[in-house]
Amino acid sequence: MKYFYLIFSSLKRKKIRTGLTIMSIMIAFVLFGYLTAIRQAFDAGVEVAGADRLIVRHKVSLIQLLPESYEARIERIDGVDNATHSTWFGGIYQEPKNFFAQIPIVPEELFDMFPEYVVSDEQKAAWLETRSGVLVGRGLMDRFGWKLGDRIPINATIWGKKDGGRTWEFDLVAVYDGAEKGTDTSQFFIRYDFFDETRAQGQGLVGWYTVRISDPDRAAEVAAAIDAEFANSAQETKAEPEGAFIQGFANQIGNIAFIIMSIMSAVFFTILLVAGNTMAYTVRERTNELAVLKAIGFTDRGVLGLVLGESLAITFVGGVLGLGLAWLLVSMGDPTDGSFPVFYLPTYDIFVGLILIVVMAFIAGIVPARQAQKLQIADALRR
Amino acid sequence: MTDKNSNGTLVKVSHVDKIFKRGSEEIHVLGGLDLDIPTGEFLALMGPSGSGKSTLLNLIGGLDRPSEGSVEVGGKRIDKLSERKLASWRARHVGLVFQFYNLMPVLSAQKNVELPLLLTKLSKAERKKRAAIALDIVGLSHRSGHYPRQLSGGEQQRTGIARAIVTDPTLLLCDEPTGDLDRKSGDEILDLLQALNKEQGKTIIMVTHDIHAAARASRTLYLNKGQLSVDPVD
């Protein structure tokens, strides 16, 4: 502790250079934090995906429909607890950029299958009583400033109505919150019975099934059994764990994690060069001072520690400012205005950031610190 | 550590050689040098540039090691100490005063004087108190909060002296302490060194080119081509 003022006083030596180095480190960690939140947005569905849930879709493509009658057959398969179907509604709220997922689903089966969606009993009852009622996620509701009781018009792009119209009107009667931080609260659930009765075509056909299995370790076996059940039928299926299904969507864009990792590696490498250069200059300029410290009794290891301490001080200030700023920017909300199901900076990654601060400080400072450690006093005092 | 051997000798340099290597070339700076310095002496070392004065000072202060021979201070063979123990020994027993002051520009006078005390187990309050006493001795209490850039050359050197004496060292080593000062400031510094020697009994070894400065010492020795003599070099 008593050396802290000595270390922090040294930062005042060349204020502009120190300030610029701190700022560059800060920017690196702002990028780290923000890109981590983006990566988390792509990974979140995968992380909270039920280990005991499978997704069963048409073997050819997700946009091909499956018969509603498959549900009973799926539930008879050994290892299956229960199943529920969902369908992609694909409508537009006001304008295309206001994208969010609209899913017709059987309400009772939704609550059973997805315990992570938390709804009050009162609102559950309201939804069950209102055929045109919808259950929306808290994030979606806040995004558009909706309130319970609002009427929400959605312009259908896929499902026209029997009366020839394309505008569906829904009553917002229930809102769900996520049981966990990564739960997607951007969805819009429509009652399947209302949807099936009102749509002009496709009655009795659904998009995909979500299946709960009794033993997650048997996921592959049960998935194979489900596909075998419908093999050689008109609509063959492909069953896979829910996490893999969600990961597949992210992978359509690209290997997000790899892209983000590559960007961050390049950024950190560059900043390491900047910080390392600053430390190298710092030691070079202060050869005489460091020799005086050794002359008055600071040990070689003590001087090594002081230089590493300065490196850590610079990196710590920049890194913490960067992580803090990243947290603030992330808390301002989803930059895509709703396309991400979740958007937050995980606590775990903040700790990773802190560790990176220490690692960066060490790498940037160790060579100059060793040079300082090895300084010969008599020679250095002559310089 | 005892401060002197049975004869009152604080520093004993015996048959010391110092050879510097510059590439393939060997430079013999000191050759078979012997020197005894009694406790409480104010010794001036004079000689032409390159004669080895600063080298001898560095050997006595434990800042360098002899190529041959021994250096004993207070009965301890400092040339045999490990680097770590030598650093610890310097912190306790040696006060250094440099020609160009060598103060930390980012620390106030008070904090500069406290620097050697960081290596002790003293509390923050005790460190502050001792530094204040040292600054008072050198007459700079009123400038304790100022930074080196705000001090004159003479004031900076007095701060350097305060830093050198704050641990109450056995030995004060001064390398051209008035070399960068005008006559008036230089005289003030020499007055201070004389007072430390006479009133506090500090053993002082001072390297200097200035015969006026050397005149303040109780003994002057001349170094030429690595050898000591009592006579000035022609």
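Two residues are in contact if their C-beta atoms, placed from the backbone, lie within 7 Å. These legends describe a predicted model, in which local features need pLDDT of at least 70, side-chain atom pairs count only at pLDDT 80 or more, and totals for chains, interfaces and linings use all residues. Residues are numbered from 1 along each chain as its sequence is written, while chains are lettered from A and ligands numbered from 1 in the order in which they are written.

**View 1. Met206(B) and the nonpolar cores.** Let us start at Met206(B), which touches Ala44(B), Leu45(B), Cys174(B), Pro177(B), Leu193(B), Ala213(B) and Ala217(B), leaving out residues up to four places away in sequence. Met206(B) is among the residues with the most contacts inside the largest nonpolar core, which has 114 residues; others in that group include Leu45(B), Ile60(B) and Ala162(B). A second, separate core of 27 residues includes Phe100(A), Ile103(A), Leu140(A) and Leu172(A). Here a nonpolar core is a set of buried Ala, Val, Leu, Ile, Met, Phe, Trp, Tyr and Cys residues joined through C-beta atoms within 7 Å. A residue counts as buried if 20 or more other C-beta atoms lie within 10 Å of its own, exposed if 12 or fewer, and partly exposed in between, with C-beta atoms placed from the backbone.

**View 2. The hairpin of S1(B) and S2(B).** Strand S1 (residues 9–22) of chain B runs antiparallel to strand S2 (residues 25–38) of chain B, and 10 bridges join them. Helices (H or I, at least four residues) and strands (E, at least two) are DSSP runs, numbered from the N terminus; two strands pair if DSSP finds at least two bridges between them. Two residues lie between S1(B) and S2(B) in this hairpin, and Gly23(B) in the turn has a positive phi of about 70 degrees. Follow the ladder and you will find Phe20(B) with Ile27(B) as its bridge partner, and Ile19(B) opposite His28(B).

**View 3. The four-stranded sheet of chain B and its helix.** The hairpin strands belong to an open sheet with the order S2-S1-S4-S5 (chain B) and antiparallel pairing. S2 and strand S5 (76–77) of chain B are at the edges with a single partner strand each, so one side of each has no neighbour in the sheet. Helix H1 (residues 53–60) of chain B packs on this sheet and touches S1, S2 and strand S4 (68–73) of chain B; the direction of H1 makes about 120 degrees with that of S1(B). Axes are lines fitted to C-alpha atoms, for helices over the stretch in contact, and angles run from 0 to 180 degrees between N-to-C directions.

**View 4. Glu68(B) in strand S4.** Glu68(B) sits in strand S4 of chain B. Glu68(B) is partly exposed because 14 other C-beta atoms lie within 10 Å. Setting aside neighbours within four places in sequence, Glu68(B) is in contact with His15(B), Val16(B) and Asp17(B). Leu33(B) is 35 residues away from Glu68(B) in sequence and 9.9 Å away in space, C-alpha to C-alpha.

**View 5. The six-stranded sheet of chain B.** This open sheet has the order S6-S7-S8-S3-S9-S10 (chain B), with mixed pairing. Strand S6 (94–97) and strand S10 (227–229) of chain B form the edges, each with a single partner strand, so one side of each is left without a neighbour in the sheet. On average, neighbouring strands are turned by 20 degrees against each other, direction ignored. Three bridges join strand S9 (residues 219–224) of chain B to S10(B) in an antiparallel arrangement, with Tyr222(B) opposite Ser229(B).

**View 6. Strand S1 of chain A and its partners.** Strand S1 (residues 53–58) of chain A runs antiparallel to strand S11 (residues 208–213) of chain A, joined by four bridges, and Arg53(A) stands opposite Arg212(A). Five bridges join S1(A) to strand S12 (residues 237–241) of chain A, again antiparallel; here His58(A) stands opposite Thr237(A).

**View 7. Thr282(A) in helix H10.** Helix H10 (residues 256–285) of chain A holds Thr282(A). Thr282(A) is buried because 24 other C-beta atoms lie within 10 Å. Apart from neighbours within four places in sequence, Thr282(A) is in contact with Glu310(A) and Pro368(A).

**View 8. Where chain B touches chain A.** The contact takes 19 residues from chain B and 18 residues from chain A. Helix H2 (residues 83–93) of chain B gives the largest share of the chain B side, six residues. The predictor gives the complex an ipTM of 0.91 and a pTM of 0.76.
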